[in-house]
Amino acid sequence: MKNIRSEIVGCGSYLPERIVSNEELAKRIDTTDEWITSRSGIRQRHIAAEGEFTSDLALNAAQKAVQHADIDPAEIDLLIVATTTPDNTFPATATKVQSRIGMANGAAFDVQAVCSGFIYGLAVADNFIKCGQTKTALVIGAETFSRILDWEDRTTCVLFGDGAGAVVLKGRGEDDDEQPGGNGSGHNIGRGILSTHIHSDGNLYGLLYVDGGPSTTQTVGHVRMNGREVFRHAVNNLAAVVDEALDANGLARSDIDWLVPHQANKRIIDSTAKKLDMPAERVVLTVETHANTSAASIPLALDTAVKDGRVKRGDLLLLEAMGGGLTWGASLVRW
Ligand code: ACO
């Protein structure tokens, strides 16, 4: 059987219009810009407008990704929305996006792995493509975390924001790599998702969770977190999964051109980069402008670095994330 690889052929992102600065938050709760910036690197977050839902953010990002990929939305035969903040308990937010973007075939569903959701979604789509069941996939990370924050709890509410990011994946035969790319330059050689690696440890469920839900309290609930423990596990788990991804591909840390991490917290990102011996200028950092947008943060960062020209054809990207569950994962992508 011909080996198939998933190639990222387009990306897009969207942030709601309203920006809330640390200074504005400090007028409402007992915090300071200095505390938030020094502990997390966050300077501001975007907050969805009243009546603006996760599906709206997702659709905006997806439309930009589809445009960037220059495809007809009707080609998409798998649509995944990674989210912890769906519009409704059911149906999946992905089905709403499916209808609005004009995708008629295949399947649309949500993936729930909190901040690791985008890596999980990418892993699902990549495997569907590799086994030949999907030709074109749209993977979206979209969140309205502002709706599940306890705005009285300064230990959590300062850390999160709303946003969305998306990528379009297309299957391509590895044999095609031997042929020159569309521009005759041979640039397609080895492009695509090299591998995805996902993990979870349900014993750590209580470190980061929402204290509500349809089956427990019949309310939406609020984010609760043991920040110190989450921090400790994040740094250890991310280092381990990054090495797993490199080993699986026979690559070394020095081969990575860009670290595109989940944008939770600058200190977690700095610690991971340090373990990888990655200089700061090789790390894509966007957390200061949009805070932790959970499943949306990796595609938001990726889109930023692709559109501003930092990420170039042939670069090796390392995507990684950790979130509630605990869940974590990584993916190596040849751009
Ligand atoms: N403003 C001012 N003071 C605050 C605030 C705030 N917003 N929040 C907490 N404090 C106070 C605390 O009350 C405490 O005061 P005390 O010493 O008088 O009791 C003091 O600051 C220190 O609190 P700690 O929780 O010990 O602060 P720490 O240095 O651990 O930083 C933080 C907290 C930023 C949450 C850190 O633990 C962290 O980054 N954890 C990772 C969590 C994370 O990023 N989660 C995101 C989801 S998971 C993921 O995406 C990887």
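## Two domains, their contact and the pockets

The structure holds 18 salt bridges, and the model you have in front of you is a predicted one. One of these pairs makes a good starting point: R191 forms a salt bridge with E7, and their closest N and O atoms are 2.9 Å apart. This pair links distant parts of the chain, with R191 in the loop between β7 (162-173) and β8 (192-200), E7 in strand β1 (residues 4-14), and 184 residues separating them. As general background, side chains of opposite charge can pair when their charged atoms come close.

Now for the overall layout. The protein is divided into domain 1 (4-173) and domain 2 (192-334). Taken over C-alpha atoms, the centres of domain 1 and domain 2 are separated by 14 Å. Their contact takes 54 residues from domain 1 and 50 residues from domain 2.

How much area do domain 1 and domain 2 bury between them? The value is about 3900 Å², with 66% of it on carbon and sulfur atoms. On the domain 1 side, C115, I119 and Y120 stand out: they supply 16% of the area that domain 1 buries against domain 2, more than any other three residues. Charged pairs also take part, as 3 salt bridges are counted between domain 1 and domain 2. Elsewhere in your view you can pick out R43 and E288, whose side chains meet in a salt bridge at 3.8 Å, N to O.

Next come the pockets. The largest pocket has a volume of about 1000 Å³. It is lined by 36 residues, and those nearest the centre of this pocket are T84, P86, Q112, V210 and V220. By class, the lining of the largest pocket divides into 15 nonpolar, 17 polar and 4 charged residues. Strand β9 (residues 208-210) gives the most to this lining, with 3 residues. Both domains are represented, since at least three residues of the lining of the largest pocket come from each of domain 1 (4-173) and domain 2 (192-334).

The second largest pocket holds about 610 Å³ of space. Of the 27 residues that line the second largest pocket, L159, M225, G227, F231 and N265 are the closest to its centre. Elements giving two or more residues to this lining are α2 (33-40), α7 (227-248), α8 (266-275) and β12 (316-323). Among them, α7 gives the most, with 6 residues. The lining of the second largest pocket has 15 nonpolar, 8 polar and 4 charged residues. Why does the second largest pocket lie between domain 1 and domain 2? It does so because domain 1 (4-173) and domain 2 (192-334) both give residues to its lining.

Finally, a few points of the backbone deserve a look. In general, most residues other than glycine have a negative phi, and most peptide bonds are trans. The table collects some exceptions.

| Site | Feature | Angle |
|---|---|---|
| F90 and P91 | cis peptide bond | omega about -5° |
| G325 and L326 | cis peptide bond | omega about -15° |
| D277 | positive phi, not a glycine | phi about 55° |

Where along the chain are these sites? P91 has its place in the loop between β4 (78-82) and α4 (93-101). L326 lies in the loop between β12 and β13 (327-334). D277 is found in the loop between α8 and α9 (287-290). The elements β12 and α8, which flank L326 and D277 in this way, also appear among those that give two or more residues to the lining of the second largest pocket.

Note on methods. Residues numbered from 1 in each chain as written. Predicted model: local features only at pLDDT ≥ 70, side-chain atom pairs only at ≥ 80, totals over all residues. Heavy atoms only, no water. 1 Å grid on protein atoms, 1.4 Å probe; cavity = no way out; pocket = protein on both sides within 12 Å on 5 of 7 lines; lining within 4 Å. Points joined across faces, edges and corners; volume = space filled by probe spheres on them. Helix = DSSP H or I, 4+ residues; strand = E, 2+ residues; numbered from the N terminus. Nonpolar A, V, L, I, M, F, W, Y, C, P; charged D, E, K, R; others polar. Domains from an automatic or database assignment. Contact = heavy atoms within 4.5 Å. Buried area = accessible area lost by both parts, 1.4 Å probe. Salt bridge = Lys/Arg side-chain N within 4 Å of Asp/Glu carboxyl O.
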